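Please look at the sequence and the three-dimensional structure shown here, and keep both in view while you read. The paragraphs that follow are meant to be read with the structure open beside them.

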Amino acid sequence: MNRTLYTLILHLALPFIFLRLMWRAWRAPAYGKRTGERFAIGLPAFRTGGIWIHAVSLGESIAAAPLIRELLARHPELPITVTCMTPTGSERIQALFGSRIQHCYLPYDLPWACARFLGRLQPRLAVIMETELWPNHIHACHRRGIPVALANARLSERSARGYARFSRLTAPMLAELSLIAVQTAAEAERFRQLGARPERVEVTGSIKFDLSVDPELPHRAAELREAWGAAQRPLWIAASTHAGEDEVILAAHRQLLAERPDALLILVPRHPERFTQVFELCRREGFTTLRRSTGEALAADVQVLVGDTLGELLFLYALADLAFVGGSLVANGGHNLLEPAALGKPLLAGPHLFNFLEIAAQLREAGDLLEVADAGQLHAALRQLFANPTEAARRAEAGLGVLRANQGALARLLAGLERLLSRV
């Protein structure tokens, strides 16, 4: 399939794309807002000639934050525009940067929408986070002489096989990229085999290792636990959970409560549309449950706190003694393990970590990450770590060591972006 056929299929699929958008808006009303932006209609009034950064959803938005901060500091004269595709990503971007950046949803990958968007924005440089590759957007930039960098790029074997099946579409697209800053050497080789220009592929590492934590965060968390009277309670968090994981987590927590009746779980669903559903599940399962969004003080009998706020995940991690990272008990590929590691939390996750294979391998080999497959294994790991604070502290320090050993990716990525900026 070449780009012409891809574009035709995309146009034929427009009714289904619109219906899916409406279905998502029915489940999560935020999807029904600013719909015109997705078709390059009603775009904001942009300052032109700056840097455009695309971070598809919440995870990429968080990963892009250190890069955006550094670009704002280095180039105060250039407008920074950040696009995404999801309401949670949009809310996070606006919460982090407010009026310091320009923001809208990225229009769908339709040639006329791409042309209208780029005609309005006229960026000097485009930066795409991780693997959000859209052939028409990239080709439109290439035609206009706008260099495109793929930052913090990752490409699993499974994804590479998928790209290879459509080589007539993906090979020309990859050849049009000006810089592919990849996380590992293995991923660099996969990009080259798929058609990327070898001289444009650089191994820079993952900028997720360059995460900086506000030093006040642990102090604020400790103060809140004291206010709750929960400083001595065994407190663990299960974060970024997906459908099918909450039941497993609650089953493990039930077993823990049989041994440690004062144990407390902070359960944080990945997607806001599941907040109420997960709260109701906890209540149905018989747990005394409180929603974080109520702002109520946590009573001694509360067994589960549902983290149903946005932009607070790092603080919720800081509250806990142990951290389970979701999207990993189901075949979703996992979520960012480095945020809780940076806060000195021993790590737990399921076996499905294909989005973070290299990071997970390093954390596992260092002696931090414990992988579990079901409620029984999760409970056993929780019991082991809560019973042995010395081991938990050792694992936490091992995770911090991995983080420190891999930092520097952001500086290497920025060096590549500065080269591209100097040429335009």
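What follows is a walk through selected parts of this structure, taken one region at a time.

Before starting, bear in mind that this is a predicted model, and that residues are numbered from 1 along the chain as its sequence is written.

We can begin with the sheet, an open one of seven strands with parallel pairing, in which the strands follow the order β10-β11-β9-β8-β12-β13-β14. Its edge strands are β10, residues 289–291, and β14, each of which pairs on one side only. Toward the β14 end of that order, strand β13, which covers residues 347–349, pairs with β14 in the parallel sense over two bridges, and here L348 stands opposite L370 of β14.

Where does strand β8 lie, enclosed or open? Strand β8 runs over residues 235–241, and because seven of its seven residues are buried, the strand is largely enclosed by the rest of the structure. Strand β8 pairs in the parallel sense with strand β9, residues 264–269, and the pairing extends over six bridges. Within this pair, W236 stands opposite L265 in β9. When you follow strands such as these on the screen, it helps to remember that in a regular strand the side chains alternate between the two faces of the sheet.

Following the chain beyond β9 leads to R274, which is found in the loop between β9 and α12, the latter covering residues 275–284. R274 counts as buried because its relative accessibility is 7%, and the cut-off for that word is a value under 20%. Leaving aside residues up to four places away in sequence, R274 touches T241, H242, A243, D246 and P269.

The next topic is the salt bridges, of which a search of the whole structure finds 17. One of them joins the side chains of R254 and E285, with a distance of 3.2 Å from N to O. This pair links distant parts of the chain, since R254 belongs to helix α11, residues 246–259, while E285 sits in the loop between α12 and β10, 31 residues apart. R254 counts as partly exposed because its relative accessibility is 39%, and E285 likewise counts as partly exposed, at 35%.

Another salt bridge brings together the side chains of D308 and R291, at 2.7 Å from N to O. This pair, too, links distant parts of the chain: D308 lies in the loop between β11 (304–306) and α13 (313–319), and R291 lies in strand β10, with their positions 17 residues apart in the numbering. Are these two partners, D308 and R291, buried or exposed? Both D308 and R291 are buried. Elsewhere, salt bridges that share partners join E70, R74 and E418 into one network.

A further salt bridge is formed by R34 with E37, whose closest N and O atoms are 3.2 Å apart. R34 is partly exposed, because its relative accessible area is 32%, whereas E37 is buried, because its relative accessible area is 9%.

We turn next to A151, which has its place in strand β5, residues 148–153. With a relative accessible area of 0%, A151 is buried. The C-alpha atoms of A151 and M129 are separated by 5.0 Å, although the two residues are 22 residues apart along the chain. Apart from residues up to four places away in sequence, A151 touches V127, I128, M129, E130, A181 and L413.

Two helices complete the walk. Helix α17 covers residues 389–405, and because each residue is expected to add 1.5 Å, its 17 residues should span 24 Å, which agrees with the 24 Å between its end C-alpha atoms. Among the buried residues of α17 are E391, A392, R395 and A396, together with L400 and L403. An α-helix has 3.6 residues a turn, so residues three or four places apart point the same way. The buried residues of α17 pack against α14 (338–342), α15 (357–366), β14 (370–371) and α16 (375–387).

The other helix is α1, residues 3–12, where L5 has its place. L5 counts as partly exposed because its relative accessibility is 38%. Together with L8, I9 and L12, L5 forms a nonpolar patch on the surface, and these residues have about 370 Å² of accessible area together.

Methods:
This is a predicted model: local features need pLDDT of at least 70, side-chain atom pairs count only at pLDDT 80 or more; totals for chains, interfaces and linings use all residues. Side-chain values use heavy atoms; hydrogens and water are left out. Patches are made of residues with over 30% relative accessible area and no salt bridge: like charges are joined within 9 Å, nonpolar side chains (Val, Leu, Ile, Met, Phe, Trp, Tyr) within 5 Å. Accessible areas come from the Shrake-Rupley method with a 1.4 Å probe; for residues, only the protein chains shown count as cover. A salt bridge is a side-chain nitrogen of Lys or Arg within 4 Å of a carboxyl oxygen of Asp or Glu. Helices (H or I, at least four residues) and strands (E, at least two) are DSSP runs, numbered from the N terminus. Buried means under 20% relative accessible area, exposed over 50%, partly exposed in between (1.4 Å probe, protein chains only). The expected span of a helix is 1.5 Å times one less than its number of residues. Contact means heavy atoms within 4.5 Å. Two strands pair if DSSP finds at least two bridges between them.
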